Amino acid sequence: MKKRNTAILGAAFLMATSAIGPAFLTQTSLFTSQLAASFGFVIFISILLDLGAQLNLWRIVTMSKLYAQDMANELLPGAGYFLAALIAFGGFAFNIGNIAGAGLGLNVLTGLSPSVCGVISCCFALSMFWFKEAGRVLDFIFKALGILTIALTVYVAFAAHPPLGEALHRTVMPGKINFFIIVTIVGGTVGGYISFAGAHRLLDAGVSGRDNLKHVTKSSVSGILITAVMRYVLFLAALGVVVKGIALSGSNPAASVFQSAAGSVGYIFFGVILWSASITSIIGSSYTTVSFWRSLSPFIRRNEKVVVTVFIIISCIIFLINPKPVKLLIMAGAVNGFILPIALAIMLIASRKKSLMNNYKHSLWLQIFGWIVVLIMNWLSIKSLNTFL
């Protein structure tokens with residue numbers, strides 16, 4: 001029982017911490033400066049779409065007792081490789097963004113260029129990955145910094161004195177809507193490897209099958225709600241700064257929020273938080289993305305550490321070729337927002353095949369909810385293509 005409860009909570013926090021990374025901080029701050037209080041509506045819509053995706057993906061994977069890529073291959077030979085390729089492509093986008101975030105965080109602390117800081121951060125991440133003892137010590141430090149992130153964000157939200165009435169009003173009655181921003185936020189929360197990572201974590205822990213249905217549902221919803229609350233608090237913090245007429249820095253908008261509301265100390269703390277979140281995200285997204293190929297390729301299974309290392313190095317090289325941190329952090333969410341409806345559609349089709357579902361019948365309302373998300377995300381993606389390109 002204790003082991004199961006730990007796995008349920010762990011999967012929820014794995015999903016939430018994967019979502020609350022450098023892109024999360026940058027996107028929320030930048031988009032609040034663009035939409036002001038109307039960004040609350042984007043958060044509200046994204047929560048609904050996130051729930052539709054998450055509830056379906058987690059249930060389908062855990063009830064089938066099959067990893068997503070293996071399930072897709074059982075549905076149609078080659079579909080698992082296609083899904084894993086999509087996840088890898090989205091993982092590259094996430095990881096390039098993570099390196100960009102690490103560059104921004106270390107730039108705040110050292111004043112060095114984001115490109116140099118990105119390279120230093122990649123070397124540090126690789127040392128953590130290869131030397132387990134260093135990783136264990138730093139893991140404890142980063143967990144403490146995660147708690148500090150939440151506490152500091154809540155403090156900044158109060159210190160910024162945001163217009164709560166206006167924020168709540170525009171959350172349901174927006175003054176303006178931006179389709180690209182919705183796609184980016186949804187993609188950054190449940191796109192790519194993030195949702196599958198939590199579901200696979202439950203599968204690894206044995207939390208699967210009909211007996212665990214309510215626990216899977218609880219874990220998936222908890223992950224979304226944790227992320228949503230954190231995003232709304234950060235939105236309020238940024239809104240409080242924006243309504244005062246303070247312009248956020250185009251090179252590091254999230255840092256501007258913390259500096260404006262909490263002074264130089266808040267600015268330094270933010271640099272530490274952004275850097276630590278980015279370092280853990282570099283390792284986490286690289287490892288999880290490569291793990292999708294573990295059951296598909298004996299070579300990757302035998303050389304997983306080497307492949308993860310190459311994955312990180314290639315991500316760093318791409319960042320150096322196009323060292324625009326903020327743009328990369330925005331594009332990471334957008335790319336995975338485009339991938340989400342394809343991955344979800346594959347899983348929804350697979351859920352209709354009885355031989356794959358381990359005597360579980362996927363509910364009709366979830367099927368409908370899931371296909372609505374697929375259709376809306378496809379429509380939003382098409383509408384926002386001009387912005388993306």
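This is a short tour of a cavity, a helix and a pocket in a predicted model.

**Stop 1: a cavity inside the protein**

The model holds three cavities of 30 Å³ or more. Let's visit the second largest cavity, with a space of about 50 Å³. To see its lining, select Ile-43, Ser-46, Ile-47, Asp-50, Thr-189, Ile-224, Thr-227, Ala-228 and Arg-231. Now colour helix H3 (39-64) and helix H11 (213-242): each of them gives at least two residues to this lining. By character, the lining has four nonpolar, three polar and two charged residues.

**Stop 2: helix H16**

Next, select residues 364-383, which form helix H16. With 20 residues at 1.5 Å a residue, H16 should span 28 Å, and its end C-alpha atoms are indeed 28 Å apart, so the two values agree. Which residues of H16 are buried? Show Leu-366, Gln-367, Gly-370, Val-373, Val-374, Met-377, Leu-380 and Ser-381 to find them. These buried residues lie on the same side of H16, because they cover an arc of only 165 degrees around the axis. Then turn the helix over: the face pointing away from the buried side carries exposed Leu-364, Trp-365, Leu-375 and Ile-382.

**Stop 3: an open pocket**

Finally, select Ser-351, Arg-352, Lys-354, Met-357, Asn-359, Tyr-360, Lys-361 and His-362, which line the second largest pocket. The space in this pocket comes to about 150 Å³. Colour its lining by residue type and you will find two nonpolar, three polar and three charged residues.

Key: Residues numbered from 1 in each chain as written. Predicted model: local features only at pLDDT ≥ 70, side-chain atom pairs only at ≥ 80, totals over all residues. Heavy atoms only, no water. 1 Å grid on protein atoms, 1.4 Å probe; cavity = no way out; pocket = protein on both sides within 12 Å on 5 of 7 lines; lining within 4 Å. Points joined across faces, edges and corners; volume = space filled by probe spheres on them. Helix = DSSP H or I, 4+ residues; strand = E, 2+ residues; numbered from the N terminus. Nonpolar A, V, L, I, M, F, W, Y, C, P; charged D, E, K, R; others polar. Expected span 1.5 Å × (residues − 1). Buried < 20%, exposed > 50% of the residue type's maximum accessible area, 1.4 Å probe, protein only. Arc of directions from axis to C-beta.
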